[in-house]
Amino acid sequence: MAAPREPRKKTTRRKKDPNAPKRALSAYMFFANENRDIVRAENPGVTFGQVGRILGEKWKALNDDEKVPYESKAEADKKRYESEKELYNATKA
DNA sequence: TTGGTGATTGTTTGT
DNA sequence: ACAAACAATCACCAA
């Protein structure tokens, strides 16, 4: 009950940390990497607003097992951020 | 201990 | 360069 995600403020947040350990990517990013060329290839002419939306549709259109490879990458990417955050707290402190 | 916040990630396209 | 839909995230810090 808290943490409502309806009012999405503007995008492109800004950093506030000295070293800014940027976070990690998300499954969508990995999936999008594969879909961007696919969706765009199947939707020639569909502009960003549309492709972006279609992408999300397909994303969940996949079975949980289909997004598994993306999830796995998401985990690995998180670990990636893990190292930066590690150095962040190490160097910032 | 717990909560929720914000910040971020990457893509697409168009000007 | 940036802007929003699309989705996930999830570590971060504080009281």
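The following paragraphs describe how the protein in this predicted model meets DNA strand C, and then turn to one residue, Asn19.

The surroundings of DNA strand C come first. The strand is surrounded by 16 residues, and the closest of them are Arg23, Tyr28, Phe48, Arg53 and Lys78. Sorted by class, the surface near DNA strand C comprises six charged, five polar and five nonpolar residues. On the side of the nucleic acid, 68% of the atoms of DNA strand C within 4 Å of the protein belong to sugar or phosphate, and the rest belong to bases.

Individual contacts illustrate both parts of the strand. Arg23 places a polar side-chain atom 2.6 Å from a base oxygen of DNA strand C. Tyr28 likewise has a polar side-chain atom 3.1 Å from a base oxygen of this strand. Gly52, by contrast, approaches through its backbone: an N or O atom there lies 3.4 Å from a sugar or linking oxygen of DNA strand C. The elements that contribute two or more residues to the surface near the strand are helix H1 (27-42), helix H2 (48-61) and helix H3 (68-92). Among the contributors, H2 gives the most, with six residues.

Attention now passes to Asn19, which is located in the segment before H1. Its relative accessible area is 31%, and Asn19 is therefore classed as partly exposed, a term that covers values between 20% and 50%. Asn19 and Leu87 are separated by 68 residues in sequence, yet their C-alpha atoms are 8.8 Å apart in space.

Definitions and conventions
Residues numbered from 1 in each chain as written. Chains lettered and ligands numbered in written order. Predicted model: local features only at pLDDT ≥ 70, side-chain atom pairs only at ≥ 80, totals over all residues. Heavy atoms only, no water. Near = heavy atom within 4 Å. Polar contact = N/O pair within 3.5 Å; in protein donor to acceptor, adjacent residues only side chain to side chain. Helix = DSSP H or I, 4+ residues; strand = E, 2+ residues; numbered from the N terminus. Nonpolar A, V, L, I, M, F, W, Y, C, P; charged D, E, K, R; others polar. Buried < 20%, exposed > 50% of the residue type's maximum accessible area, 1.4 Å probe, protein only.
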